[in-house]
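The following exercises are to be worked with the sequence and the coordinates at hand. Each task is followed by a solution in steps.

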Amino acid sequence: LCLQVPELEKTTVRIRQPERVRGIIQSLREQGVAKLQVISDFDMTLSRFGCNGRRCPTSHNILDTSRVISEDGKKKLKDLLQHYYPIEIDPNRTLEEKRPLMVEWWTRAHELLVQQKIRKGDIAQIVRESEAMLRYGHRDVVLRDGFTDFFDQLHKNNVPLFIFSAGVGDILEEIIRQANVFYSNVNVVSNYMDFNDDGVLTHFKGPLIHTYNKNNTVLQGTGYFQQLSTKTNIILLGDSMGDLTMADGVPSVENILKIGFLNDKVEERREKYLESYDIVLESDETLDVVNGILRYVLTE
């Protein structure tokens with residue numbers, strides 16, 4: 001397979017069942033572009049985990065640390081992160097234990113953001129001024145290396161890209177827009193803000209999407225996957241155990257290739273990731289492997 005997809009030779013790549021993966025990639029290629037869709041998480045999957053030795057901001061972080069949040073608000077949001085993030089990634093806790101705690105975290109964070117009276121008109125500027133973009137002087141830095149190639153390949157071949165995110169949809173869309181890759185084939189389901197007639201944030205639209213409920217329960221009524229019922233081959237990209245259920249709403253899956261970015265606590269989480277994802281990318285800040293597979297699958 002490395003002959004067709006040389007990127008799989010990278011030292012960041014781990015595959016538990018190479019034969020199985022070869023079979024899936026072969027099927028994706030043989031069945032062609034007409035049957036393919038890509039389902040992806042956003043934060044720390046399409047966006048980077050780290051920039052130059054520091055954590056890169058997620059869509060929530062970009063908002064939480066922006067100038068529109070009071071110092072008190074920033075402190076409270078940071079306290080929430082420090083309390084709940086270790087729970088989110090703890091490999092020894094069950095999903096049943098984690099789910100109610102994630103709902104608690106997101107709900108409290110959203111309530112804090114609503115108190116800040118954020119204005120719709122400030123969103124583009126918040127993203128433009130965000131830490132990652134300012135420090136490195138260009139907005140590409142939030143997204144993984146190779147993102148342009150990734151979005152372009154899918155757009156050119158009319159492959160639907162479904163971004164399923166527990167982040168803040170308004171911020172996420174703005175990042176993609178400012179990176180000039182918000183194409184017509186991109187569809188986003190995320191936590192969106194609701195603004196009043198004066199353009200001030202009053203609440204977040206439901207249903208609440210957190211790390212561990214990315215499945216049919218929050219997609220009811222969108223009918224998105226039903227419209228794509230012929231797209232039975234899936235490439236799924238995620239960075240957490242919660243991302244594995246993102247394709248649950250697809251009516252009939254023929255082939256699914258699950259690619260997982262293992263960004264953090266690599267040693268202690270490796271085993272779980274290798275059990276769950278077909279391809280695991282360890283501390284890899286690029287989309288090289290994904291782009292290599294797409295190139296192979298999409299080539300006539």
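A salt bridge is taken here as a side-chain nitrogen of Lys or Arg within 4 Å of a carboxyl oxygen of Asp or Glu. The model under study is predicted.

**Exercise 1. Describe the interface of domain 1 and domain 2, and state how many salt bridges are counted between them.**

Step 1. Set out the two parts. Domain 1 comprises 6-52 + 141-298, and domain 2 comprises 54-136. Their C-alpha centres are 21 Å apart.

Step 2. Consider the extent of the interface. On the side of domain 1, 38 residues are in contact with 35 residues of domain 2. About 3400 Å² is buried between the two domains, and carbon and sulfur atoms give 68% of this area.

Step 3. Apply the definition above. The count of salt bridges between domain 1 and domain 2 is zero. Polar contacts are nevertheless found across the interface, in 14 residue pairs with both members at pLDDT 80 or more.

Step 4. Assign the side of domain 1 to its elements. Those giving two or more residues to the side that touches domain 2 include strand E5 (161-168), helix H8 (169-178) and helix H10 (266-276). H8 gives the most, with six residues. By residue class, this side of domain 1 divides into 18 nonpolar, ten polar and ten charged residues.

**Exercise 2. Determine how many residues of H8 are buried, and examine what follows the helix.**

Step 1. The cut-off for a buried residue is a relative accessible area under 20%. Nine of the ten residues of H8 are buried, and the helix is thus mostly covered.

Step 2. Name some of them. Among the buried residues of H8 are Asp170, Glu173 and Glu174, together with Ile171, Leu172, Ile175 and Ile176.

Step 3. Continue along the chain. Asparagine 180 follows H8 and has a positive phi, near 65°.

**Exercise 3. Compare methionine 44 with lysine 265: which is buried and which is partly exposed?**

Step 1. Recall the backbone rule. Most residues other than glycine have a negative phi.

Step 2. Locate the two residues. Methionine 44, with a positive phi of about 70°, is placed in the loop between strand E2 (36-40) and E3. Lysine 265, with a positive phi of about 50°, lies in the loop between strand E10 (255-262) and H10.

Step 3. Classify them. Methionine 44 counts as buried because its relative accessible area is 11%. Lysine 265 counts as partly exposed because its relative accessibility is 42%.

Step 4. Follow the contacts of methionine 44. Threonine 58 is in contact with Asp43 and Met44, once its neighbours within four places in sequence are left aside. Threonine 58 lies in the loop between strand E4 (54-55) and helix H2 (59-64), and it is buried, with a relative accessible area of 11%.

**Exercise 4. Characterise proline 18 and proline 207, and state which peptide bond is cis.**

Step 1. Begin with proline 18, which is found in helix H1 (residues 18-31). Proline 18 is partly exposed because its relative accessible area is 46%.

Step 2. Consider the chain before H1. Leucine 1 is 17 residues from proline 18 along the chain, and the C-alpha atoms of the two are separated by 8.6 Å.

Step 3. Turn to proline 207, in the loop between E8 and helix H9 (224-227). The peptide bond from glycine 206 to proline 207 is cis, with omega near -10°. In general, most peptide bonds are trans.

Conventions
Residues numbered from 1 in each chain as written. Heavy atoms only, no water. Domains from an automatic or database assignment. Contact = heavy atoms within 4.5 Å. Buried area = accessible area lost by both parts, 1.4 Å probe. Polar contact = N/O pair within 3.5 Å; in protein donor to acceptor, adjacent residues only side chain to side chain. Helix = DSSP H or I, 4+ residues; strand = E, 2+ residues; numbered from the N terminus. Nonpolar A, V, L, I, M, F, W, Y, C, P; charged D, E, K, R; others polar. Buried < 20%, exposed > 50% of the residue type's maximum accessible area, 1.4 Å probe, protein only.
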